[in-house]
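Subject: Structure for your files

Hello,

Here is the structure I said I would pass on, followed by notes on what was found in it. Please keep the model open while you read.

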Amino acid sequence: MRNVKLVFFTCMFCLAANTHSAFAQGKTARFPDDLKKEMCVRIKQAAQHAWKGYMTYAQGADDLKPLSKTSKLWYKESMLMTPVDAYDTFVMLGLDSEAMEAKKLILEKLNFDTDNDIQVFEVTIRILAGLITAYELDGDKKFLTLAIDLADRMMPAFNSRTGMPYRYVHLQTGKTRDGANNPAEIGSLMMEFGKLSKLTGDEKYYRAAKKAIMEVYKRKAKTGLVGEKIDINSGKWLSNQSHISGYIDSYYEYLYKCWLLFGDADFKKAFDTHNAAIKKYLVDTTDHGWFLKQVNMQTGKQTGSSYGALDAFYAGLCAYAGDIKTAIHIQEANFYMWTHFNMEPESFDYKTNKVSSPYYILRPENLESCFYLFRKSEHSDYLWMAKQMTDDILKHCFTEAGYASIKDVKTLEQFDSMESFFFAETLKYAYLMFAPLSAADLKKIVFNTEAHPFNIESKKP
Ligand code: DMJ
């Protein structure tokens with residue numbers, strides 16, 4: 001059986017690996033165990049270095065600014081983005097004293113009774129999710145109490161005519177604003193609010209989030225696609241632009257992951273419908289791999305050929321959902337994007353090869369896709385790819401106080417930002433590539449879109 005599996009993957013690789021990439025440059029050899037261990041050590045050291053910078057120059061703030069050695073707040077008062085996003089990564093990497101420091105900061109300082117007008121999506125995927133995972137990993141009820149308090153303060157966001165949430169809610173007053181929302185920000189609350197219902201026994205969170213995500217699904221076009229902006233009160237699309245990038249991406253991701261997490265077949269049905277449409281209308285085959293384009297959601301007609309760092313997640317989702325062939329071809333394109341421009345730009349035009357947004361802000365999606373492809377194929381090519389990406393990040397983004405973003409991948413000039421997802425996702429997926437498989441058992445956990453692992457609720461769907 002294992003031989004059959006190997007032959008299958010080898011054939012798939014022959015299909016995908018006939019162009020310019022590390023595949024074609026002979027880096028397809030076995031990945032030595034010693035090198036895996038060395039990578040794990042380097043990634044752990046990187047996490048310690050970045051955390052030390054945060055604790056020295058930004059302790060208690062949201063983010064470290066690693067060049068000026070100062071700190072950044074997202075809102076009027078800190079939501080402790082970095083400690084909350086980083087905590088479970090420290091636990092998974094076995095960095096016990098860093099985990100203890102992060103926990104101490106969270107439990108001593110995190111307070112949601114603040115004059116903060118917050119973005120529901122960002123705070124849900126980073127903070128609510130981080131607290132839920134912390135509770136599941138550590139068992140300390142204080143994490144759950146914080147999560148419930150935060151979720152209750154965000155619940156007014158769902159009070160619209162359709163049940164789709166407003167983008168912003170004030171944590172003290174419950175005042176909402178911005179009803180021009182998008183599928184990603186509407187749908188990517190389901191794992192977190194759903195999970196909270198499972199942990200508390202109070203169905204209201206699951207109900208509100210499910211109504212919201214299903215209201216998007218209900219409004220799909222005949223093509224099976226969704227647009228990138230919708231009025232949450234009238235339910236009318238404000239943009240027919242369709243793609244798998246920012247504003248839509250994790251809506252699709254959550255439909256599949258919520259099926260795995262909760263075993264609720266409505267999510268699977270919705271995912272299958274959309275996924276078939278994505279493959280029919282969005283995938284564009286090129287000599288450098290398969291990219292995903294922009295189309296009009298109503299007609300399926302192409303409107304653009306932009307591709308970028310955020311789009312890279314879809315290869316991983318395909319692999320996770322069992323379509324290895326598509327995943328391999330898209331990951332070939334992802335790796336092309338990473339290697340062709342020095343490092344990965346935020347976006348470029350895959351028809352003209354021109355970079356449209358030259359920055360790299362420590363995003364994880366390309367590594368994330370490598371992770372799922374490796375887990376599903378066991379092929380060492382993905383270890384080599386992940387090594388190259390990790391080497392580039394650790395080399396080009398390194399600063400005295402942490403890791404900085406890159407302003408322009410052509411010149412590798414840095415800029416003063418270290419997003420909290422560098423801890424939550426980028427370092428975590430990099431580490432999990434080389435760590436023993438038991439470091440993350442995908443039969444037992446599902447990662448949210450910020451890579452916070454949730455224990456699977458359902459029996460195997
Ligand atoms: C993260 O906050 C999440 O992965 C989100 O889904 C997309 N953007 C960033 C990482 O790039």
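Helices here are DSSP runs of H or I with at least four residues, numbered from the N terminus. With that in mind, two helices stand out around the ligand: α5 (120–138) and α16 (421–434) each supply at least two residues of the shell. Please note that the model is predicted, and the values below are computed from it.

The ligand site

Which pocket holds the ligand? The ligand sits in the largest pocket. Its surroundings consist of I125, R126, L310, R363, P364, E365, F421, E425, T449 and E450. Sorted by class, this shell has 5 charged residues, 4 nonpolar ones and 1 polar one.

Three glutamates place a polar side-chain atom beside an oxygen atom of the ligand. The distances are as follows:

- E450: 2.6 Å from a ligand oxygen
- E365: 2.7 Å from a ligand oxygen
- E425: 2.9 Å from a ligand oxygen

As for burial, the ligand taken alone exposes 290 Å², and the protein buries 92% of that.

The three-stranded sheet

An open sheet is formed by 3 strands in the order β9-β12-β13, with antiparallel pairing. Why do β9 and β13 each have one side without a neighbour in the sheet? β9 (241–242) and β13 (302–304) stand at the edges and have a single partner strand each, so one side of each is left without a neighbour there. Strand β12, residues 294–296, is joined to β13 by 2 bridges, and the two run antiparallel. Within this part of the sheet, V295 stands opposite Q302 of β13.

The hairpins

Three strand pairs are worth locating on the model, and each is a hairpin.

In the β10 and β11 pair, 4 bridges join residues 283–286 (β10) to residues 289–292 (β11), and the strands run antiparallel. D284 faces F291 in β11. The hairpin connects the two strands through 2 residues.

Next is the pair of β15 (residues 347–349) and β16 (residues 354–357), which is antiparallel over 3 bridges. S347 has S357 in β16 as its bridge partner. This hairpin has 4 residues between its strands, and N353 in the turn has a positive phi of about 65°.

Then come β19 (residues 405–408) and β20 (residues 413–415), antiparallel and joined by 3 bridges. Here S405 stands opposite F415 in β20. How many residues lie between the strands of the β19 and β20 hairpin? There are 4, and L412 takes a positive phi near 65°.

If you look at one place before anything else, I suggest the ligand site, starting from E365, E425 and E450, whose polar side-chain atoms lie 2.7 Å, 2.9 Å and 2.6 Å from ligand oxygen atoms, respectively.

Regards

Key: Residues numbered from 1 in each chain as written. Predicted model: local features only at pLDDT ≥ 70, side-chain atom pairs only at ≥ 80, totals over all residues. Heavy atoms only, no water. Near = heavy atom within 4 Å. Polar contact = N/O pair within 3.5 Å; in protein donor to acceptor, adjacent residues only side chain to side chain. Areas by Shrake-Rupley, 256 points an atom, 1.4 Å probe, with all protein chains shown as cover. 1 Å grid on protein atoms, 1.4 Å probe; cavity = no way out; pocket = protein on both sides within 12 Å on 5 of 7 lines; lining within 4 Å. Sits in = over half its atoms within 2 Å of the grid points. Nonpolar A, V, L, I, M, F, W, Y, C, P; charged D, E, K, R; others polar. Pairing = 2+ DSSP bridges.
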